[in-house]
Amino acid sequence: MSPHPQNRQPDAQDVLPSAVRELGGPSGAGDAVRLSANRRDFLKVAGFTLAAAALPSCSRAPTHEAIPYMEGTPEFTPGNAAWYATLCGGCSAGCGILAKVREGRPIKIEGNPEHPLNGRGSGLAGACAVAQATVLSLYDRQRLRGPVAAGAAASWEAVDKAILEKLATLRTAGGGVRVLTGTLSGPTQRAAIESFVAAFPDGKHIMVDGLSASALLDAHDELFGARVLPHMRFDRASVIASFDADFLGTWVSPVEFTRDYTRARNLSEGTPARHFQLESRMSLTGASADERIVLAPAELGGALAHLAVRVAQKAGRPLGFPAAKVTKSLGKALAGIADALWTAPRGTSLVVCGSNHLTDQKLVAQINHMLGNYGASKAETTLDLEAHSNQKLGDDRAVHALVEEINAGKVGALFVAGCNPVYDQPEAKSLAAALKKVGLLVSLSERVDETSAAAGFVCPDHHALESWNDSEPTAGTLTVAQPVIRPLGDTRGMARSFAVWSGQQAPASDRDLMRAAWQKHVAPRGASPAAFERYWNQSVHDGHAASPRLRSRAQATLSVPRLEGLVPSPAAAPLTAGRLAVVLYPTVGMLDGRHAHNPWLHELPDPITKVAWDNYAALAPATAARLGIEDGDVVSLEAGGRTIELPALIQPGQHPDVVAVPLGYGRKGTDRFADIGPSWIESEPTVAEGGTVGVNVSSLLGREEGRIRYAGLAVALRRTGAKKPLARTQIYGSQTVPQHIRPGSDPRPAALSLTLAEYMHEEAGGHATPGHAAQPLWDDDHGYDGNHWGLAIDLSRCTGCSACVIACQAENNIPVVGRDEVRRTREMHWLRIDRYYEGEGEDVSVIHQPMLCQQCDNAPCETVCPVLATMHSDEGLNQQVYNRCVGTRYCSNNCPYKVRRFNWFKYEHADEVENLVLNPDVTVRTRGVMEKCTFCVQRIQEKKIKARNEDRALLDGEIKPACAQSCPADAMVFGNMNDAKSRVSQSIAERRSYRVLEDLDVRPSIHYMARVRQREERNNRDD
């Protein structure tokens, strides 16, 4: 699919009258008639109308008027989707996206393939799970509908008047005015805030990141004279060494990094990049590494110092300190990493570190500098300081100083936007009390959260999909946001709010304010009005723009690095007996907690642990055995008078001295999900009364030199005696078959892996792996004269990020079932990602395998259905006819892949606002029917109709199922297997290609390519 972006704001008021009226939208929105999309209600009304016509004594049914479009418009055709290029608001990465809009309502998000950050004009661009789910948060009924003053709804006029009066008093009497925001890289919002704080003698703008990279920025400030984040180009890397940086999961810009990483590791383009991962817990990035080394948080600094000395010795430039003492095995591993980094072509290696410790980041910068990795955009090096990254700009030390100012009573006014410090800062509890000392506290949050609950005024910002906005993810490159729907409530853009509070003449609209900022800061100097209009229109249409003006301003601040006199940190004190080091980390769904009100993301299984609807205390198997702890045992973590209770989870591949805990849970207001699942006699609430989804663990965060510390705090762990079974979608993790049930010949694993040496020596991949000879059970009676649809999945590319899972859910109207149903293995996801461990103890690697309906040619489900509800199409699709299904579930019992989902209940669709996210091209299923993947048959039909109307053949790659289109790694290729020149046919012909359970002769239409790792041993053979 290659949708063409547009730049006309859709007239949502005409097509969504009932929803806008209900949410308190602009006046006049409620004059139209409310529409219902419920098929059953329609049939009831139709039936009642017929009965009324037959019985004269009965009153007539209510009259409903439908007003059709009498004349079409070039921009809008009912039934056809419009696509708009805009900015993803899921995090601060600044990715470009395309929003699919049907009849005025956004229903699906895709990556923008032409965006220079996550597409680079490649024609391919993914979008992460969070981006896919933002469309659901748009229709969240708990978003504020308008401004709030002293806990009550108020008008913008009254709120602005009160705020301006208080600010006028501050100007006269004196007092600090502070604006605290998340990372803001866009010129429009930053210019508005700079203008606002400049009006006060003591005004400051401070940025904070809930997931901080402050030490990385501070290190470059000290070394290069500019507090910048180098733009990391993984696509240029031949060797990657990552120290606790989950760059494929949650670190800085995971969609961009995933695309670049898989490009650098492309097996068809020479020797793929080699990846070393050193970490204390099993991360998504560690799961993809060629070599993974487990080390404790206390060992990280020493390992970096040891590596720096080894690289310096090879470079002939002593660092002035000896190599840190490390264990023999770690020293051997670091020696191998140093050799690989040094022998790589200069400038093509890359060392990254996720630590928020300043010395660690300075050591990493020293290593990269000695390897020649720093350069400018045209130097083809892996670290670009010219077009540096603005994706993380938070300053932990400035935030710490702000907290001290608030405690000292020096802040007279505080404006908080795009962050939630009362929730995610180490001093959250004391900060909540200290905020009472602030005379004017204003929050711009979309909802009532931990911080806005303490504010005197809440002035809600638009949702990202309702906004005019911009972002500058890398210097000189802009992502443009345009609204794809009119605001569903009486909200106002952040930049416009600060413009009003600056005492300026209020701009006519957010769009006018943004245009004015672009004329002043972005557009080429001296551009004529006509030239600016062309530049503006093209930028909004494309969703991105280049600004040499911004690029040149950023370049002027960089200087020659100062790398002398670096001293590593002293070795950390060993843990005392009975204590573990806590590691706090974000998950791909929750991040820093900003998405805790999105049920799609709560129900998304964590790619590694496969847990949904909870956070937990993850322990290594050896540690759990030593302490007598099992999965689901509630344990307490105690440190410095703080106690957190969490269910335990046994996690392979984790350091035995570590307890790993996900961040982002325990958010205020998540008790809303208590009854999200179906109500029946054995049901249990997703959230206990008065509770939250998971536990807020920010009290276990620490500070070191003002910067947030996420790892290393020593905690005492003990069992409480309570149990809380975790909702997991996968309770097995090994492909090893127990000896006593082993068949006569060696079994074939479902997910295959090869070493690079095996692949390069043409060991024929999966075709030569042991297995049983296929025994035909069916006649070959399926002929495909036209299309025969198939999917190829490259396990070497798949990182397990789970973007495809949420994309499938959004595209196919898959319901949320709640924690209790997931715990009963009744989740409804049509696509799951199986995670298999290889190895034992700490030496564990992972294979991710997307598993969905295999669209078998000899489908075993079809032979057992008594009502022909599942049947074969002439294009190779295993079709599911919902109105035939009577729920025998024979098909599920007969499916060897276990990919069919049964609708045990009529999952609620009572929220008319939330229902606006539903895809009208896909049936909303009722209870008692089987459902499964269809290769997005609605997309297949759409493109076939388009090609027929244009009197042409379908193009290869023109059809993309939701899973394939969302994948940032391009791990999925869909197409016609009858076309020998198609990408899918070429992938299937690749020597790594195989089919899961091919021995059964069910002839699946999904082929997998075996995973290839650059390591000596091969772990998944059953010897």
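Author: Buried means under 20% relative accessible area, exposed over 50%, partly exposed in between (1.4 Å probe, protein chains only). The model is predicted: local features need pLDDT of at least 70, side-chain atom pairs count only at pLDDT 80 or more, and totals for chains, interfaces and linings use all residues. Residues are numbered from 1 along each chain as its sequence is written, and side-chain values use heavy atoms, leaving out hydrogens and water.

Reader: Is Cys804 buried or exposed?

Author: Its relative accessibility is 8%. Cys804 therefore counts as buried.

Reader: How many disulfides does the whole structure have?

Author: A disulfide is a pair of cysteine sulfur atoms within 2.5 Å. A search of the whole structure finds zero. Cys804 is in none, as the nearest cysteine sulfur, that of Cys801, is 6.3 Å away. The count is zero.

Reader: Why does Cys933 not bond to Cys853?

Author: Cys853 has the closest cysteine sulfur to that of Cys933. The two are too far apart for a bond, because the distance is 5.9 Å.

Reader: Which helix gives the most to the largest nonpolar core?

Author: A nonpolar core is a set of buried Ala, Val, Leu, Ile, Met, Phe, Trp, Tyr and Cys residues joined through side-chain atoms within 4.5 Å. The largest has 126 residues, and Phe935 is among those with the most contacts inside it. Helices (H or I, at least four residues) are DSSP runs, numbered from the N terminus. Seven residues come from residues 129-138, helix α4.

Reader: How many residues are in the second core?

Author: This core is separate. Leu278, Ala305, Ile367 and Leu566 are included in its 33 residues.

Conventions: Helix = DSSP H or I, 4+ residues; strand = E, 2+ residues; numbered from the N terminus.
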